[in-house]
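Open the model in your viewer and keep the selection panel at hand. We will take it one stop after another.

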Amino acid sequence: TSYRSTMEDPWQKAYDFAVTVARKAGEVIRKAGESEIKVSTKSSTVDLVTKTDERVEKIIIGSLKEEFGEGTHCFIGEESVAKGEPCILTHKPTWIIDPVDGTTNFVHGFPFVAVSIAFAVNKQLEFGVIYSCLEDKMYKARNGKGAYCDDELIQVSDVKDINKSIIISEHGTDRSPEKVKKIFSTMQKILCIPVHGLRGSGTAATNMCLVATGAVEAFFEIGIHCWDIAAGAVIVKEAGGVLLDVDGGPFDLMSRRMVSANNEVIARRIIKEIEIFSAERDDAPIQKK
Ligand SMILES: Nc1ncnc2c1ncn2[C@@H]1O[C@H](CO)[C@@H](O)[C@H]1OP(=O)(O)O
Ligand SMILES: [Mg+2]
């Protein structure tokens, strides 16, 4: 089935609502950061989760269900998937949510924490909203309608020379020596191209906003999940950027691999250096998840 609305602009209301919900969620996170944070771990001792992650996801999904009904819309949320909910993108209208992107930052008081909310219909991303809640910056983009930060149009950098670029990547939560070795080997090769610098904010969502505003030229990572990058994908694309797979093929939201960049020249130059390692797809049949 194909989901279409007869209304002139079917998803405008959903988009506006997502912005309101993201702001509300960010306020909850900001307040929670002021008191003691109790930390638990998920897949490993460095994969952190807090009561705030779970609480904020419940607030977001609860608000969306109340507004749009439970039956017609689907929800993929980081903490719901961690509890065993499916992570499969169908043609139905689907919300893809990371309540607290940058949980490690949140726990440590490192000042980049984002709420990421994306919406897909017929497996196509329709809009994305990222609220960088400690900086109080609202990033948003709708398919075909441009990308904004606090209602100002944003655009990727026009740098085509890799030697004049700043590149972002992260280290992930997997500490197996062979993966860490590949991550650092890739970073070393990129640093020595040479580029102006390597950076990382600790949140994939914020990293993508940094590509979208032109503060950096590219962000790539293997191991991220669909909820880390779904909203950012729309924002980067609408800011004039490109999304590719780490092997140079088309971007696949569920593949846990992504290169986002200001243009294809920069993206393909980075791709030449990336040492790929395996990451199980987000939509792989459920076993341990
Ligand atoms: N296994 C993994 N490998 C790489 N990045 C991951 C990851 N799990 C989560 N991330 C996300 O990547 C960024 C840091 O590497 C964060 O946005 C983090 O999201 P999180 O804070 O919501 O867990
Ligand atoms: Mg995340």
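Begin with ligand 1 in this predicted model. Select the residues around ligand 1: there are 17 of them, and the closest are Thr103, Glu170, Gly172, Ala204 and Gly223. Try coloring this shell by residue type, and you will find 2 nonpolar, 8 polar and 7 charged residues.

Now color domain 1 (12-153) and domain 2 (162-271) separately. Why does ligand 1 lie between them? Both domains give residues to the shell around ligand 1, so the ligand lies between the two.

Next, select helix 6, residues 204-213. You have already met one of its residues: Ala204 is among the closest to ligand 1. Is helix 6 largely enclosed or open? Of its 10 residues, 9 are buried, so the rest of the structure largely encloses this helix. The buried ones are Ala204, Ala205, Thr206, Asn207, Met208, Cys209, Leu210, Val211 and Ala212. Step past the end of helix 6 to Gly214, which follows it and has a positive phi, near 90 degrees.

Keep helix 6 on display and add the strands that it lies across: strand 4, strand 5, strand 6 (124-132), strand 7 (137-142) and strand 8. Helix 6 runs at about 100 degrees to strand 6. Then add helix 2 (residues 51-68), which lies across strand 3, strand 4 (94-101) and strand 5 (114-121). The angle between helix 2 and strand 4 is about 150 degrees.

With the strands in view, trace the whole sheet. In which order do its strands come? The order is 3-4-5-6-7-8-9, giving an open sheet of 7 strands with mixed pairing. Its edges are strand 3 (74-77) and strand 9 (152-153), each of which pairs on one side only. Zoom in on strand 9: strand 8 (residues 147-149) runs antiparallel to it, and 2 bridges join them. Here Cys149 stands opposite Glu152 of strand 9.

For the last stop, select strand 14, residues 257-261. How many of its 5 residues are buried? The count is 5 of 5, and the strand is mostly covered. Turn on the side chains: Arg257, Val259 and Ala261 point one way, while Met258 and Ser260 point the other way.

Finally, show the partners of strand 14. Strand 12 (residues 218-222) is antiparallel to strand 14 and joined to it by 5 bridges, with Glu221 partnering Met258. Strand 13 (residues 242-244) also pairs with strand 14 in the antiparallel sense, over 3 bridges, and there Val242 has Ala261 as its bridge partner.

Key
Residues numbered from 1 in each chain as written. Chains lettered and ligands numbered in written order. Predicted model: local features only at pLDDT ≥ 70, side-chain atom pairs only at ≥ 80, totals over all residues. Near = placed C-beta within 6 Å. Nonpolar A, V, L, I, M, F, W, Y, C, P; charged D, E, K, R; others polar. Domains from an automatic or database assignment. Buried ≥ 20, exposed ≤ 12 C-beta atoms within 10 Å, placed from the backbone. Helix = DSSP H or I, 4+ residues; strand = E, 2+ residues; numbered from the N terminus. Pairing = 2+ DSSP bridges. Contact = placed C-beta atoms within 7 Å. Axes fitted to C-alpha atoms, helices over the stretch in contact; angles between N-to-C directions.
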